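Trainee: Please take one part of this model and look at it closely. I would also like to know how that part sits in the rest of the chain.

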Amino acid sequence: ITVIFESDFQRLTKLRILQLTDNQIHTIEKGTFQDLISLEQLDLSHNAIATIGRRLFKGAHSLRSLQLDYNQITCMDEHAFKGLVELEVFGLTRLRALRLSDNPFSCDCHLSWLSRFLRNAPRLAPYTRCQSPSQLKGQNVANLHDQEFKCSGLTEHVPLVCGLENSCPHPCRCADGIVDCREKSLTTVPATLPDDTTELRLEQNFITELPPKAFANFKRLRRIDLSNNNISKIAHDALSGLNALTTL
């Protein structure tokens, strides 16, 4: 499994436990969990998730255990957990277990909210540590003070947009609807692209496989160039959803 679509769990209102660990999930569509009103345990550990967008878990009001450890999370929206940690009658939060360890968190000014969040809920995500910058590597996020989360230049005054929207994949270049990922040593297809992407350049990389629905979220794509890679496996529905595609 590489992508979870909004329609995958529709009308499963009685589902209580969902185990999705040890897959290759890199994308979760907005609204995926909106029908899972009885969900209590969600395990997304050991995947390739890089972003946790605003209110991604909206609808999962009963969630008590959320595992996101061992992913590739670098971007987490300040309102990612909104609705999951509201006070109950006895002053306890709904969310009783949260795991965020072993993710490559960049502890800049955009992540200071997470430190405050974890200090206010000390039993949640106790081993969440910084991967960068170098002076904070290995530090427990909850132990850092706001002034230690720094950004450079004008970045500090630019709101962080965390999610699929307008996200240019590192280390590619994005401009005028073209995403240029040529010669970037990529081994997989990018998980995120800007909304206006019509052309994707992936030549001269080390991509070996096109998984199911690899481009399903990028419905405006008209041209994809995958020449000079090492592709040996293509899923039968790898190009599913590309109704605008004219050149491959």
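Mentor: A contact here means heavy atoms within 4.5 Å. With that in hand, among contacts between residues at least 6 apart in sequence, 57% join residues at least 24 apart. The model is predicted, and everything below is computed from it. The chain has 248 residues, of which 46% count as buried. Its secondary structure comes to 16 strands and one helix, and I will take the helix as the part to examine.

The helix is α1, residues 112–120, and W113 lies in it. Is W113 buried or exposed? The cut-off for buried is under 20% relative accessible area; W113 has 7%, so it counts as buried. Leaving aside residues up to four places away in sequence, W113 touches M76, D77, E78 and F81. One of these partners, M76, belongs to β7 (75–76). H79 gives a distance for the same region: H79 and W113 are 34 residues apart in sequence, and their C-alpha atoms are 9.5 Å apart in space.

β7 also bounds a loop with an unusual backbone angle. The loop runs between β6 (65–67) and β7, and Y70 lies in it. Phi of Y70 is positive, near 60°, and the residue is not glycine. Most residues other than glycine have a negative phi. Y70 has 39% relative accessibility, so it counts as partly exposed. D102, in the loop between β8 (97–99) and β9 (105–106), likewise has a positive phi near 60°. Its relative accessible area is 46%, which means that D102 is partly exposed.

Further along the chain, the peptide bond between S132 and P133 is cis, with omega about -5°. Most peptide bonds are trans. P133 lies in the loop that runs from β10 (130–132) to β11 (173–175).

The surface is the other side of the picture. The accessible surface of the chain comes to about 13600 Å², and 47% of that belongs to carbon and sulfur atoms. K30, R55, K58 and K82 form a positive patch on it. K30, one of these four, lies in the loop between β3 (27–28) and β4 (41–43). The cut-off for exposed is over 50%; K30 is at 64% relative accessibility and therefore counts as exposed. W113 in the helix, by comparison, is buried at 7%.

Technical notes: Residues numbered from 1 in each chain as written. Predicted model: local features only at pLDDT ≥ 70, side-chain atom pairs only at ≥ 80, totals over all residues. Heavy atoms only, no water. Helix = DSSP H or I, 4+ residues; strand = E, 2+ residues; numbered from the N terminus. Buried < 20%, exposed > 50% of the residue type's maximum accessible area, 1.4 Å probe, protein only. Areas by Shrake-Rupley, 256 points an atom, 1.4 Å probe, with all protein chains shown as cover. Patch = residues over 30% accessible without salt bridge, like charges linked within 9 Å, V, L, I, M, F, W, Y side chains within 5 Å. Salt bridge = Lys/Arg side-chain N within 4 Å of Asp/Glu carboxyl O. Lys, Arg positive; Asp, Glu negative; His and termini not counted. Charge placed at Lys NZ, Arg CZ, Asp CG, Glu CD.
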